[in-house]
Amino acid sequence: MTALIDGKARAAEIDRKVAALAATYGPPTLAVVLVGDDPASAVYVANKVRRCGEVGITSIERRLPADASEQDVVATVAALNADDAVDGILVQMPLPSHIDANRVIGTIDPGKDVDGLTAVNAGRLLLGRPYLVACTPQGIVDLARGAATLEGANAVVIGRSILVGKPVGLLLQAENATVTMAHSRTRDLPGLCRGADVVVAAIGRAHFVRGDWIKSGATVIDVGINRVPAPERGEGRTRLVGDVAFDEAGHAGAITPVPGGVGPMTIAYLLVNTLTAAAARRGLAPPSI
(Lines give C-alpha, C1' and ligand atoms only; values in the text may rest on other atoms or scores of the structure.)
Protein backbone atom coordinates (compact mmCIF):
# COMPACT_ATOMS: atom_id res chain seq x y z
CA MET A 1 0.00 0.00 0.00
CA THR A 2 1.30 3.42 -0.95
CA ALA A 3 2.32 5.64 1.96
CA LEU A 4 1.31 9.30 1.79
CA ILE A 5 4.20 11.63 2.59
CA ASP A 6 2.64 14.24 4.87
CA GLY A 7 4.31 17.58 4.17
CA LYS A 8 2.02 19.40 6.59
CA ALA A 9 3.07 17.19 9.51
CA ARG A 10 6.77 17.45 8.70
CA ALA A 11 6.52 21.23 8.24
CA ALA A 12 4.79 21.52 11.64
CA GLU A 13 7.66 19.54 13.20
CA ILE A 14 10.21 21.91 11.65
CA ASP A 15 8.19 24.93 12.79
CA ARG A 16 8.29 23.70 16.38
CA LYS A 17 12.08 23.36 16.23
CA VAL A 18 12.45 26.81 14.68
CA ALA A 19 10.24 28.32 17.40
CA ALA A 20 12.37 26.79 20.15
CA LEU A 21 15.61 28.02 18.59
CA ALA A 22 14.30 31.48 17.65
CA ALA A 23 13.69 32.14 21.33
CA THR A 24 17.35 31.40 22.13
CA TYR A 25 18.77 33.53 19.29
CA GLY A 26 16.48 36.47 19.88
CA PRO A 27 13.64 37.09 17.41
CA PRO A 28 14.95 37.04 13.82
CA THR A 29 13.41 39.46 11.35
CA LEU A 30 12.28 38.60 7.82
CA ALA A 31 11.49 41.36 5.33
CA VAL A 32 9.24 40.57 2.37
CA VAL A 33 9.12 42.84 -0.67
CA LEU A 34 5.84 42.64 -2.60
CA VAL A 35 5.44 44.56 -5.84
CA GLY A 36 1.95 44.94 -7.30
CA ASP A 37 -1.35 43.38 -6.32
CA ASP A 38 -1.19 39.84 -7.71
CA PRO A 39 -3.81 37.91 -5.66
CA ALA A 40 -1.80 34.68 -5.49
CA SER A 41 1.29 36.55 -4.31
CA ALA A 42 -0.75 38.32 -1.65
CA VAL A 43 -2.00 34.94 -0.36
CA TYR A 44 1.54 33.51 -0.31
CA VAL A 45 2.84 36.52 1.60
CA ALA A 46 -0.03 36.33 4.09
CA ASN A 47 0.79 32.65 4.73
CA LYS A 48 4.45 33.48 5.28
CA VAL A 49 3.59 36.28 7.68
CA ARG A 50 1.25 33.97 9.62
CA ARG A 51 3.84 31.19 9.89
CA CYS A 52 6.50 33.70 10.98
CA GLY A 53 4.25 34.89 13.78
CA GLU A 54 3.61 31.33 14.92
CA VAL A 55 7.34 30.58 15.40
CA GLY A 56 8.47 33.90 16.85
CA ILE A 57 10.01 35.43 13.74
CA THR A 58 9.26 39.12 13.22
CA SER A 59 8.01 39.86 9.71
CA ILE A 60 7.89 43.19 7.97
CA GLU A 61 6.51 44.02 4.55
CA ARG A 62 7.59 46.52 1.95
CA ARG A 63 4.77 46.94 -0.57
CA LEU A 64 5.29 48.79 -3.82
CA PRO A 65 2.69 49.56 -6.53
CA ALA A 66 2.60 47.54 -9.75
CA ASP A 67 4.00 50.50 -11.69
CA ALA A 68 7.01 50.90 -9.39
CA SER A 69 10.22 51.22 -11.35
CA GLU A 70 13.00 48.67 -11.25
CA GLN A 71 15.13 51.28 -9.50
CA ASP A 72 12.44 51.67 -6.83
CA VAL A 73 12.60 47.93 -6.11
CA VAL A 74 16.40 47.90 -6.11
CA ALA A 75 16.43 50.87 -3.72
CA THR A 76 14.01 49.07 -1.40
CA VAL A 77 16.26 46.01 -1.32
CA ALA A 78 19.33 48.20 -0.74
CA ALA A 79 17.65 49.84 2.27
CA LEU A 80 16.87 46.41 3.73
CA ASN A 81 20.45 45.27 3.11
CA ALA A 82 21.65 48.23 5.16
CA ASP A 83 19.11 47.73 7.95
CA ASP A 84 20.90 45.90 10.76
CA ALA A 85 17.56 44.85 12.26
CA VAL A 86 16.74 42.76 9.18
CA ASP A 87 18.13 39.22 9.04
CA GLY A 88 16.46 37.91 5.89
CA ILE A 89 15.11 39.41 2.68
CA LEU A 90 12.64 37.78 0.31
CA VAL A 91 11.43 39.41 -2.89
CA GLN A 92 8.08 37.83 -3.76
CA MET A 93 7.89 36.50 -7.31
CA PRO A 94 6.66 37.05 -9.91
CA LEU A 95 7.64 40.66 -10.38
CA PRO A 96 5.87 42.84 -12.96
CA SER A 97 7.14 42.23 -16.49
CA HIS A 98 8.95 45.58 -16.75
CA ILE A 99 11.28 44.63 -13.87
CA ASP A 100 14.34 42.42 -14.37
CA ALA A 101 13.99 39.84 -11.60
CA ASN A 102 17.59 38.67 -12.00
CA ARG A 103 18.90 42.17 -11.44
CA VAL A 104 16.75 42.59 -8.33
CA ILE A 105 17.85 39.23 -6.90
CA GLY A 106 21.43 40.12 -7.64
CA THR A 107 21.22 43.15 -5.35
CA ILE A 108 20.20 41.12 -2.26
CA ASP A 109 22.93 40.73 0.36
CA PRO A 110 23.87 37.00 0.08
CA GLY A 111 23.93 36.82 3.88
CA LYS A 112 20.25 37.83 3.93
CA ASP A 113 19.22 35.88 0.81
CA VAL A 114 16.75 33.50 2.47
CA ASP A 115 15.44 32.34 -0.92
CA GLY A 116 18.94 31.11 -1.80
CA LEU A 117 18.75 32.59 -5.30
CA THR A 118 21.75 34.93 -5.48
CA ALA A 119 24.74 33.85 -7.56
CA VAL A 120 26.80 33.57 -4.38
CA ASN A 121 24.44 31.12 -2.68
CA ALA A 122 23.75 29.14 -5.85
CA GLY A 123 27.51 28.94 -6.41
CA ARG A 124 28.15 27.75 -2.87
CA LEU A 125 25.70 24.90 -3.44
CA LEU A 126 27.45 23.94 -6.67
CA LEU A 127 30.81 23.94 -4.88
CA GLY A 128 29.48 21.68 -2.14
CA ARG A 129 29.61 24.40 0.51
CA PRO A 130 25.92 25.32 0.85
CA TYR A 131 24.83 28.15 3.08
CA LEU A 132 21.36 29.49 2.25
CA VAL A 133 19.76 27.03 -0.18
CA ALA A 134 16.51 27.58 -2.09
CA CYS A 135 13.61 26.59 0.16
CA THR A 136 11.55 24.29 -2.07
CA PRO A 137 14.54 22.06 -3.00
CA GLN A 138 15.43 21.69 0.67
CA GLY A 139 11.86 20.68 1.44
CA ILE A 140 11.82 18.15 -1.40
CA VAL A 141 14.97 16.41 -0.24
CA ASP A 142 13.83 16.47 3.38
CA LEU A 143 10.64 14.60 2.43
CA ALA A 144 12.51 12.19 0.18
CA ARG A 145 15.03 11.46 2.94
CA GLY A 146 12.21 10.65 5.33
CA ALA A 147 10.60 8.21 2.91
CA ALA A 148 13.55 6.46 1.24
CA THR A 149 17.20 5.55 1.63
CA LEU A 150 18.85 8.08 -0.68
CA GLU A 151 22.41 6.80 -0.45
CA GLY A 152 23.03 4.70 -3.55
CA ALA A 153 19.51 5.28 -4.88
CA ASN A 154 18.80 5.98 -8.54
CA ALA A 155 16.96 9.30 -8.65
CA VAL A 156 15.36 10.99 -11.65
CA VAL A 157 14.60 14.72 -11.44
CA ILE A 158 12.16 15.87 -14.13
CA GLY A 159 12.65 19.59 -14.60
CA ARG A 160 15.83 21.64 -14.89
CA SER A 161 14.86 25.04 -13.52
CA ILE A 162 17.27 27.03 -11.37
CA LEU A 163 14.50 27.36 -8.79
CA VAL A 164 13.85 23.65 -8.25
CA GLY A 165 15.29 21.05 -10.59
CA LYS A 166 18.96 21.97 -10.62
CA PRO A 167 19.35 22.56 -6.87
CA VAL A 168 17.38 19.37 -6.11
CA GLY A 169 19.82 17.43 -8.28
CA LEU A 170 22.79 18.86 -6.38
CA LEU A 171 21.20 18.19 -2.99
CA LEU A 172 20.40 14.59 -3.93
CA GLN A 173 23.99 14.10 -5.07
CA ALA A 174 25.11 15.39 -1.69
CA GLU A 175 22.99 12.56 -0.20
CA ASN A 176 25.02 10.13 -2.37
CA ALA A 177 22.17 9.35 -4.74
CA THR A 178 22.91 8.74 -8.41
CA VAL A 179 20.99 11.51 -10.16
CA THR A 180 19.68 11.79 -13.70
CA MET A 181 18.44 15.21 -14.74
CA ALA A 182 15.55 14.90 -17.19
CA HIS A 183 13.07 17.18 -18.92
CA SER A 184 10.23 17.14 -21.42
CA ARG A 185 12.57 16.45 -24.34
CA THR A 186 14.42 13.56 -22.70
CA ARG A 187 14.38 10.48 -24.91
CA ASP A 188 12.29 7.63 -23.51
CA LEU A 189 11.46 9.52 -20.34
CA PRO A 190 8.94 6.87 -19.25
CA GLY A 191 11.59 4.15 -19.50
CA LEU A 192 14.06 6.28 -17.57
CA CYS A 193 11.57 6.82 -14.76
CA ARG A 194 10.73 3.12 -14.56
CA GLY A 195 14.28 2.44 -13.41
CA ALA A 196 14.24 5.09 -10.68
CA ASP A 197 14.01 4.50 -6.95
CA VAL A 198 13.13 8.17 -6.46
CA VAL A 199 11.23 10.38 -8.92
CA VAL A 200 11.00 14.14 -8.42
CA ALA A 201 8.45 15.68 -10.78
CA ALA A 202 8.94 19.42 -11.20
CA ILE A 203 7.91 20.18 -14.74
CA GLY A 204 4.70 22.19 -14.23
CA ARG A 205 2.33 20.08 -16.33
CA ALA A 206 -0.76 18.50 -14.85
CA HIS A 207 -0.56 14.69 -14.71
CA PHE A 208 2.49 14.66 -16.97
CA VAL A 209 3.99 11.64 -15.19
CA ARG A 210 1.74 8.63 -15.68
CA GLY A 211 1.33 5.77 -13.26
CA ASP A 212 3.02 3.23 -15.53
CA TRP A 213 6.18 5.36 -15.44
CA ILE A 214 6.60 4.61 -11.74
CA LYS A 215 8.47 1.55 -10.52
CA SER A 216 6.71 -0.50 -7.85
CA GLY A 217 7.88 0.68 -4.44
CA ALA A 218 9.47 3.92 -5.73
CA THR A 219 9.31 7.19 -3.81
CA VAL A 220 7.57 9.98 -5.72
CA ILE A 221 7.92 13.66 -4.83
CA ASP A 222 5.39 15.71 -6.79
CA VAL A 223 6.34 19.39 -6.91
CA GLY A 224 3.68 20.46 -9.40
CA ILE A 225 0.84 22.79 -8.49
CA ASN A 226 -1.53 22.95 -11.45
CA ARG A 227 -5.07 24.28 -11.46
CA VAL A 228 -7.48 22.29 -13.65
CA PRO A 229 -11.24 22.49 -14.28
CA ALA A 230 -13.41 20.68 -11.73
CA PRO A 231 -16.96 20.70 -13.14
CA GLU A 232 -18.00 18.19 -10.48
CA ARG A 233 -17.59 21.01 -7.97
CA GLY A 234 -19.81 23.37 -9.92
CA GLU A 235 -19.63 25.56 -12.98
CA GLY A 236 -16.32 27.38 -13.34
CA ARG A 237 -14.76 25.65 -10.31
CA THR A 238 -11.20 24.32 -10.31
CA ARG A 239 -8.95 22.07 -8.24
CA LEU A 240 -5.23 21.66 -7.68
CA VAL A 241 -3.37 18.66 -9.06
CA GLY A 242 0.27 17.74 -9.33
CA ASP A 243 2.59 16.78 -12.17
CA VAL A 244 1.98 13.09 -11.37
CA ALA A 245 -1.24 11.19 -12.17
CA PHE A 246 -1.78 10.49 -8.48
CA ASP A 247 -4.68 8.05 -8.91
CA GLU A 248 -2.55 5.88 -11.20
CA ALA A 249 0.40 5.64 -8.79
CA GLY A 250 -1.05 3.31 -6.17
CA HIS A 251 1.91 0.95 -6.58
CA ALA A 252 4.47 3.56 -5.49
CA GLY A 253 6.09 2.98 -2.14
CA ALA A 254 5.46 6.56 -1.02
CA ILE A 255 4.12 9.69 -2.69
CA THR A 256 3.42 13.32 -1.80
CA PRO A 257 -0.16 14.54 -2.24
CA VAL A 258 -1.03 17.81 -3.96
CA PRO A 259 -1.83 19.93 -2.05
CA GLY A 260 -0.32 19.03 1.32
CA GLY A 261 3.03 17.66 0.23
CA VAL A 262 5.88 19.91 -0.86
CA GLY A 263 4.00 23.21 -0.47
CA PRO A 264 4.10 23.50 3.35
CA MET A 265 7.79 22.57 3.31
CA THR A 266 8.72 25.62 1.25
CA ILE A 267 7.66 28.02 4.00
CA ALA A 268 9.15 25.73 6.67
CA TYR A 269 12.58 26.07 5.08
CA LEU A 270 12.09 29.79 4.57
CA LEU A 271 11.80 29.98 8.35
CA VAL A 272 14.88 27.76 8.75
CA ASN A 273 16.86 29.97 6.37
CA THR A 274 15.81 33.11 8.24
CA LEU A 275 16.97 31.51 11.49
CA THR A 276 20.24 30.43 9.84
CA ALA A 277 20.90 33.95 8.56
CA ALA A 278 20.09 35.43 11.98
CA ALA A 279 22.47 33.03 13.72
CA ALA A 280 25.30 33.86 11.32
CA ARG A 281 24.77 37.60 11.76
CA ARG A 282 24.97 37.13 15.53
CA GLY A 283 28.12 35.01 15.34
CA LEU A 284 26.27 31.95 16.61
CA ALA A 285 26.31 28.33 15.46
CA PRO A 286 23.81 27.49 12.70
CA PRO A 287 20.59 25.81 13.82
CA SER A 288 20.33 22.04 13.69
CA ILE A 289 16.89 21.13 12.37
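So, which residues line the largest cavity? I'll start with the answer: Val91, Met93, Ile105, Ile108, Asp113, Asp115 and Leu117. Keep in mind that this is a predicted model. The space in that largest cavity comes to about 40 Å³, and the structure has one cavity of 30 Å³ or more. Rolling a probe the size of a water molecule over the atoms is what shows where empty space is left.

Stay with Met93 for a second. Besides lining the largest cavity, Met93 is joined to Pro94 by a cis peptide bond, omega about 0°. Pro94 sits in the loop between β4, residues 88-91, and α4, residues 101-106. And there's another cis bond to look at, from Val258 to Pro259, again with omega near 0°. You'll find Pro259 in the loop between β11 and α9.

While we're on backbone angles: most residues other than glycine have a negative phi, and most peptide bonds are trans. Now look at Asp188, which isn't a glycine and yet has a positive phi of about 45°. Asp188 is in the loop between β6 and α8, the helix at 189-194. Is Asp188 buried or exposed? With 55% relative accessibility, Asp188 counts as exposed. His207 isn't a glycine either, and its phi is positive too, about 55°. This one lies in the loop between β7 and β8, and at 28% relative accessibility His207 counts as partly exposed.

Okay, on to the sheet. We have six strands in an open sheet, in the order β1-β11-β8-β7-β5-β6, and the pairing is parallel. Why do β1 and β6 each have one side without a neighbour in the sheet? Because β1, at 3-4, and β6, at 178-182, stand at the edges and each has a single partner strand. Further in, β7 (residues 198-201) and β8 (residues 219-222) pair in the parallel sense over four bridges. If you want to check one of those on screen, go to Ala201: its bridge partner in β8 is Asp222.

Helices pack on that sheet. α6, residues 135-147, touches β7, β8 and β11, the last of these being 254-255. The direction of α6 makes about 160° with that of β8. Then there's α7, residues 165-174, lying across β5 (154-158), β6 and β7. α7 runs at about 170° to β6.

Those two helices come back in the second largest pocket, where α5 (119-126), α6, α7 and α9 (263-281) each supply at least two residues of the lining. The volume of this pocket is about 520 Å³. Its lining has 22 residues, and the ones nearest its centre are Val133, Gln138, Arg145, Leu171 and Tyr269.

Last topic, cysteines. How many disulfides does the count come to? Zero. Take Cys52: the nearest cysteine sulfur belongs to Cys135 and is 11 Å away, and Cys52 is in no disulfide. For reference, the cut-off is 2.5 Å between the two sulfurs. Go the other way, from Cys135, and the nearest cysteine sulfur is that of Cys52, at 11 Å, with Cys135 in no disulfide either. As for accessibility, Cys52 is buried, with a relative accessible area of 1%, and Cys135 is buried at 4%.

That's my tour, so over to you for questions.

How values were computed:
Residues are numbered from 1 along each chain as its sequence is written. This is a predicted model: local features need pLDDT of at least 70, side-chain atom pairs count only at pLDDT 80 or more; totals for chains, interfaces and linings use all residues. Side-chain values use heavy atoms; hydrogens and water are left out. Two strands pair if DSSP finds at least two bridges between them. Contact means heavy atoms within 4.5 Å. Axes are lines fitted to C-alpha atoms, for helices over the stretch in contact, and angles run from 0 to 180 degrees between N-to-C directions. Buried means under 20% relative accessible area, exposed over 50%, partly exposed in between (1.4 Å probe, protein chains only). On a 1 Å grid over the protein atoms alone, a cavity is a set of points where a 1.4 Å probe fits but cannot get out, and a pocket is an open set with protein on both sides within 12 Å along at least five of seven lines; lining residues have an atom within 4 Å of a point. Grid points are joined across faces, edges and corners, and a volume is the space filled by probe spheres set on the points.
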